[in-house]
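Trainee: Could you take me through one part of this protein at close range? I would like to look at strand β8 and then follow the picture outward from there.

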Amino acid sequence: ICDGVTNYTAVASAGTCQAPDMYVASKGDTEVTTHELRINADLNDTTSVTAGIFLSDLELIEHNEFTYPGSAKLDAKYAPNYPHTNPQPGQGGNAGAGWYSQPGPYNAPIIFVNDILRTDEQKGVFGEMNFALSDSSELTVGARWYDISVDLEGSANGAYGNKGATSDSGGGGANLSVQYGPNNANGYPDKAETDGVIGKVTYSWKPNEDIMYYVTWSEGFRPGLLNRPAGTSNAAGTYTIPAVTDTDEVTNYEFGWKATLMDGAMRFNGSLFMSDITGLQSTIFDAAIVNLFFSDNAADAEILGLEGDFVYLTDNDWVLSGAFSMLDTELTTSLVPTNDIVEGSELAFAPGYQANVTARKEWGLSSGNLAHWQGQVTVSDDSFSDIMEPNRANQDGYALANMRAGISDDNWVAEVFIDNLTDKRAEISNTFVFDRERVMIVRPRTLGLRLKYNF
């Protein structure tokens, strides 16, 4: 927010910037209606079937009013064309165009408004058959047909410039209004539509009562979406925002096991998996292109992973439990004609390893109540916050410890706890919204008392 624009009279000298403070009043309203009909039936002694149809309609309305307090210092007020989601002739922007939930105008210091209507329509037919091949093995085959349509309408509107003291008509101010939806002048699709079939095959083998192995091949996808600033290009003209971001698809191969060991004292489950991702969707904020978020199918990727969980009951009534994962991820192909994707780099939020271990002991008291003590340690390797290089930051690995102790009976629980015992500033999220890095950390050391009563 800068005071002073050429030919405008301003309070401060040209180029003087106010503090970049900003807050937003956000209102969202989501309505989802779903219908499903499912049939389960045994066809014979060795074959069963599950089949059905699925319908879903979603409507999302989101209205955001961005306020920059520093804008009030720009000669106290703007020209009369404040952000206006339905500007009229003479007020700037596209008169009468676009969908809006609130027409405006909005009083300063509100200088940017997002008004969005998104609708999703989904239809699906699914089926799965299970074949008992023997007393110890089963084969499951399934498929799903889907038809999805995503619609996006609305507007993004901003007021900018300084009214100045030389004009009562507000000639120094301006209104930027961008409408999007079915009535666009560029012939872009008014919906992101996709349909297709995905499948799944699983074979399981149970050599004895204590262990079961399985192998699975499966497919998945995420629906596409429309981009609000479609058609906008970067200054070099090497990249243009697409009107539609296509679905991204994943093919997964998995080998796993479920085991009960040590005469029932330990349960250990795990899997080794490999996933191929095609057309990975990525949300992008690049002010060099446009000051709105947009999405694109940015890359192809591969994931190789090992994960597991266990529960172990010791001889002295301690319960040890935990889980772990190890990941090797790679962006194999860049699908955008820029340097934003670096082939060979890791996926976002995919640390090389993660693990947690919990120790818990419970014992009876002379009063008849049950006492407990529990400690937990969680560790994570480094990870990255994004796959796009301009928005990509390294998030340091961390180790966290939690403790709790309490007493309970059939109706109530009283517990004291300490979370983040060592007060670690662990990074769990990182964004570059508005070209400024913002880091989210876990809650600092927290001591508390928790009471629960079952009525």
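Mentor: Happy to; here is a walk from the whole protein to the strand and on to what lies around.

A word on ground rules before we start. This is a predicted model, in which local features need pLDDT of at least 70 and side-chain atom pairs count only at pLDDT 80 or more, while totals for chains, interfaces and linings use all residues. Residues are numbered from 1 along each chain as its sequence is written, and side-chain values use heavy atoms, with hydrogens and water left out.

The protein has 24 strands and zero helices; both are DSSP runs numbered from the N terminus, with at least two residues (E) for a strand and at least four (H or I) for a helix. It holds 455 residues, and 38% of them count as buried. Buried here means under 20% relative accessible area, exposed means over 50%, and partly exposed is in between, using a 1.4 Å probe and protein chains only. Take the contacts (heavy atoms within 4.5 Å) between residues at least 6 apart in sequence: 63% of them join residues at least 24 apart. About 24,800 Å² is exposed by the protein, with carbon and sulfur atoms supplying 53% of that area; the areas come from the Shrake-Rupley method with a 1.4 Å probe, and for residues only the protein chains shown count as cover.

Now to your strand. I198 lies in β8 and is buried, at a relative accessible area of 17%. Setting aside neighbours within four places in sequence, I198 is in contact with G142, A143, R144, Y146, E219, G220 and F221. The C-alpha atoms of I198 and T251 are separated by 9.5 Å, with the two positions 53 residues apart along the chain counted as their spacing.

V201 also sits in β8, but at 32% relative accessibility V201 counts as partly exposed. V201 belongs to a nonpolar surface patch of about 1,000 Å², made by L133, V141, V201, Y203, W205, V215, W217, Y253, F255, L272, M274 and L304. Patches use residues with over 30% relative accessible area and no salt bridge, joining like charges within 9 Å and nonpolar side chains (Val, Leu, Ile, Met, Phe, Trp, Tyr) within 5 Å; a salt bridge is a side-chain nitrogen of Lys or Arg within 4 Å of a carboxyl oxygen of Asp or Glu. Two or more patch residues come from each of β8 (191-208), β9 (211-222), β12 (248-261) and β13 (266-284). Your strand β8 gives the largest share, three residues.

Some patch members return in an aromatic cluster: W205, Y213, F255, W257 and F268 form it together. Rings of Phe, Tyr and Trp (its six-membered ring) pair if their centres lie within 6.5 Å, and planes under 30 degrees apart count as stacked, over 60 as edge-to-face and the rest as tilted. The whole structure has nine aromatic pairs. One of them joins F66 and F112 edge-to-face, at 5.7 Å centre to centre and 65° between the planes. F66 is in β4 (residues 47-67) and F112 in β5 (residues 110-132), so this pair ties together parts 46 residues apart in sequence. Both F66 and F112 are buried.

Between strands β12 and β13, the loop deserves a stop. M262 is in that loop, and so is D263. M262 has a positive phi near 55° without being a glycine, and D263, also not a glycine, has a positive phi of about 55°. Most residues other than glycine have a negative phi. D263 counts as exposed, with 86% relative accessibility.

Finally, the interior. A nonpolar core is a set of buried Ala, Val, Leu, Ile, Met, Phe, Trp, Tyr and Cys residues joined through side-chain atoms within 4.5 Å. The largest has 20 residues, and F294, L331, I341, L347 and I387 have the most contacts inside it. β13 and β14 (294-313) each supply at least two of its residues, and β14 gives the largest share, five. Beyond its neighbours within four places in sequence, F294 is in contact with N227, P229, Y239, I241, S282, T283, I284 and I289. Apart from this core lies another, of eight residues, including I116, Y146, A192 and I198. That brings us back to I198, the buried residue of β8 where we began.
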